Amino acid sequence: MSLLKFFNNYRRKVMPRLVGQVGVSLFEKHVDPSRQIPIKKILICRPNQRLGNLLLTTPLIQELELNFPNCEIDVIVKGPLAKTIFKSYKSINKVIILPRKPFKALIKYLRVWLSVYFKTYDLVINAVDGSSSGRLLTKTAKAPYKIFGDFDVENQKSRTDFIHISKRPIYNLRHYLTRVGHQSLTSKISCLDLKLTQDELKEGKKILNNLVGFKKPTIAIFTYATGPKCYSKSWWANLYELLVENFTNTHHILEILPVENVSQIDFKTKTYYSKDVREICSVIAHCKLFIGADSGMMHLASASKTKTVGLFSVTNKKEYGVYGNGSYNIDTNKDNLEAEILKIKQQYI
């Protein structure tokens, strides 16, 4: 094992212990209802580069826009993908990018931290309570209001969907706002949304038309996922057979391919491949239904506003599942697949 790999493994184990209490006492320190401060400049700390995790931040941005219509939001992330994800959000002022491998770009990494330290915000939010770097960035930033991700236990118990990674920071925000004298103006939690433009939607419609046409509606499937979330070829062969049996006469079946350009059904149906996430989203937006395992592509489908069925076998569907737009999740360890396909046919198509 290289010295760098050893150090990174050590850092992942030790950092959560070191910063676990960061922000716990400060949560109380920054609560002062008698001194209400206007909120305009906001920093969201989400130091992650994955497609799904970035998309899961979009409901929080919408929540902030609804409560503070003229706000300017900086988002601190890893990797360049966030600029594409947040492209259509007018409230986004700056996307601050941390190096994905800090010890290979130490000067750039430190420069980002210093830029956060020397800028003043009105509100700083750590979007994921389990993020050690998110907590430290929240502590480093200058702001009268800070949300580290902690939540009142009693309020947590009263919300059955609090566990969801996209909803949790919103409940934290609403709870915090009431404690500092800012009344939350929202009740319904927004869905994931890439905010596709009309031009993007037109292009997506054109691409789908060239692929399969519009004589029949299209069911999009995504057969890939990372690591243990990826179902075997035999599992997908069974699901694909059920889809053909139930829908081939009434629907087109289109496989959305991953960047690896692989197929768990061996390319048995029409396929679509692109590395442009906004273009992929625009194509899915014109499909009747999307079916796929827990992945960035599943969340991208949800952000297209197309009805999405999430397949879960390893991760918790209550924490990472799709919601809104008629979407729902299947626990493939418990739910009968044939019955679920029949339910889709009878109730969702």
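**Close-up A. Where helix 4 meets helix 9 in this predicted model.** On the helix 4 side, the residues taking part are Pro59, Leu60, Glu63, Leu64 and Asn67. Helix 9 answers with Pro169, Ile170, Leu173, Arg174 and Leu177. Sort the residues of this contact by kind and you get seven nonpolar, one polar and two charged.

**Close-up B. How helix 4 and helix 9 are set against each other.** A pair of packed helices can be described by the angle between their axes and the distance between those axes. Here, helix 4 covers residues 58-67 and helix 9 covers residues 168-179. The two pack at an angle of about 30°, and their axes are 9 Å apart. Angles under 35 degrees count as roughly parallel, so helix 4 is roughly parallel to helix 9.

**Close-up C. Pro169, a residue of helix 9.** Let's zoom in on one member of that helix contact, Pro169. Is Pro169 buried or exposed? Its relative accessible area is 6%, and buried means under 20%, so Pro169 is buried. Setting aside neighbours within four places in sequence, Pro169 is in contact with Leu60 and Ala127. Leu60 belongs to helix 4. Have a look at Asp129 too: Pro169 and Asp129 are 40 residues apart in sequence, yet their C-alpha atoms are 8.3 Å apart in space.

**Close-up D. An open sheet built from six strands.** Going across the sheet, the strands come in the order 8-7-6-9-10-11, and their pairing is parallel. At the edges you'll find strand 8 (270-272) and strand 11 (328-331), each of which pairs on one side only. On average, neighbouring strands here are turned by 25° against each other, if direction is ignored.

**Close-up E. Strand 6 beside strand 7, with helix 10 packed on the sheet.** Strand 6 (residues 218-222) and strand 7 (residues 252-256) run parallel and are joined by four bridges. Pick out Ile219, and its bridge partner in strand 7 is Ile253. Helix 10 (residues 198-211) packs on this sheet, touching strand 6, strand 7 and strand 8. The direction of helix 10 makes about 155° with that of strand 8.

**Close-up F. Thr218 and its surroundings in strand 6.** How buried or exposed is Thr218? With a relative accessibility of 2%, Thr218 counts as buried, because the cut-off for that is under 20%. Leaving out neighbours within four places in sequence, which residues is Thr218 in contact with? They are Leu208, Val212, His252, Leu254, Cys287, Lys288 and Leu289. Among them, Leu208 lies within the residue range of helix 10, while His252 and Leu254 fall within that of strand 7.

How values were computed
Residues numbered from 1 in each chain as written. Predicted model: local features only at pLDDT ≥ 70, side-chain atom pairs only at ≥ 80, totals over all residues. Heavy atoms only, no water. Axes fitted to C-alpha atoms, helices over the stretch in contact; angles between N-to-C directions. Parallel < 35°, antiparallel > 145°, perpendicular 65-115°, else oblique. Contact = heavy atoms within 4.5 Å. Nonpolar A, V, L, I, M, F, W, Y, C, P; charged D, E, K, R; others polar. Buried < 20%, exposed > 50% of the residue type's maximum accessible area, 1.4 Å probe, protein only. Pairing = 2+ DSSP bridges.
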